[in-house]
Amino acid sequence: LMAFTPWGGEVDTIPLLREWIADGRRVALPVVAEDGITLEPLLLGDLRDLVPGYQGILEPHRGRCVTIDPLELDLVLVPGLAFDLAGTRLGRGKGHYDRLLARLRPDALRVGTCHAWQIAEAPIAPLPREPHDVPMHWIMTPDGFVQCGGDSAS
């Protein structure tokens, strides 16, 4: 499982991380690589291994956590500024997550994670989608889940 730590008003995932770790699940978090654009999943065994990283976002300490291959991930929680019901995600514009999501197995679940008010519906929807954008299968909010339609459900 891969999640993220909240930044800039994103949904607080720390309680979920705490629960997954307590349940003995293998939990990865993203770390921005030295190139400044690639996300690398690192296994997190303990929340005490989180340190401020890229833009002050909490991430696993490289010296205490192991990098894993994105092909090992079964599910990835993905932050975003907005999502639409077709699974399109509006990120922060650098393509960090799109590059990572393109490296997952085809059967790995992609779950956009946001507040309910960040889901774009008519008349705003759909969000613009570029050819490199990787759509979500589901959207998760603190209120529940929404399955995405269109080509995102494949």
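Trp138 counts as partly exposed, because its relative accessibility is 28%, a value between the 20% limit for buried and the 50% limit for exposed. Keep this residue in mind, since it comes back twice below. The model you are looking at is predicted, and the protein in it has 154 residues, of which 45% count as buried. Its fold is built from two helices and 11 strands.

**The whole protein**

- If you walk along the sequence, the elements come in the pattern α-β-β-β-β-β-β-β-α-β-β-β-β.
- How does the radius of gyration fit a compact globule? For 154 residues such a globule would have a value near 15 Å, and the protein has 15 Å, so the two agree.
- Measured out along the principal axes, the C-alpha trace spans about 45 × 30 × 30 Å.
- Take the contacts between residues at least 6 apart in sequence: 64% of them join residues at least 24 apart.

**Surface and charge**

- The accessible surface of the protein is about 8000 Å², and carbon and sulfur atoms account for 57% of that area.
- Among the side chains, 14 are positive and 21 are negative.
- The centres of these two charge sets lie 3 Å apart.

**The aromatic pair and strand β11**

- A pair of aromatic rings is described by the distance of the centres and the angle of the planes.
- How many aromatic pairs does the protein have? The count comes to one.
- Trp138 and Phe145 form this pair: their ring centres are 6.5 Å apart and their planes stand at 85°, so the arrangement is edge-to-face. The angle is over the 60 degrees that edge-to-face requires.
- Phe145 has a relative accessible area of 56%, so this residue is exposed.
- Gln147 sits in strand β11, which covers residues 144-147.
- Setting aside residues up to four places away in sequence, Gln147 touches His137 and Trp138, so here is Trp138 again.
- Gln147 and Val134 are 13 residues apart in sequence, and their C-alpha atoms are 15 Å apart in space.

**Pro41 in strand β2**

- Pro41 belongs to strand β2, residues 39-44.
- Is Pro41 buried or exposed? Its relative accessible area is 1%, so Pro41 is buried; the limit for that label is under 20%.
- Leaving out neighbours within four places in sequence, Pro41 is in contact with Met2, Ala28, Leu29, Val66, Thr67, Ile68, Pro70, Leu73 and Leu100.
- One of these partners, Met2, is 39 residues away along the chain, yet the C-alpha atoms of Pro41 and Met2 are separated by 7.4 Å.

**Two loop residues**

- Most residues other than glycine have a negative phi.
- Gln55 is not a glycine, but its phi is positive, at about 55°.
- Where does Gln55 lie? Gln55 is in the loop between β3 (50-52) and β4 (58-60).
- With 44% relative accessibility, Gln55 counts as partly exposed.
- Ala102 has its place in another loop, between α2 (96-101) and β8 (109-113).
- Ala102 is exposed, because its relative accessible area is 59% and the label applies over 50%.
- Ala102 and His132 are 30 residues apart along the chain, and 8.4 Å separates their C-alpha atoms.

Notes. Residues numbered from 1 in each chain as written. Predicted model: local features only at pLDDT ≥ 70, side-chain atom pairs only at ≥ 80, totals over all residues. Heavy atoms only, no water. Helix = DSSP H or I, 4+ residues; strand = E, 2+ residues; numbered from the N terminus. Rg over C-alpha atoms; globule rule 2.2 N^0.38 Å. Buried < 20%, exposed > 50% of the residue type's maximum accessible area, 1.4 Å probe, protein only. Contact = heavy atoms within 4.5 Å. Areas by Shrake-Rupley, 256 points an atom, 1.4 Å probe, with all protein chains shown as cover. Lys, Arg positive; Asp, Glu negative; His and termini not counted. Charge placed at Lys NZ, Arg CZ, Asp CG, Glu CD. Phe/Tyr/Trp six-rings, centres within 6.5 Å; stacked < 30°, edge-to-face > 60°.
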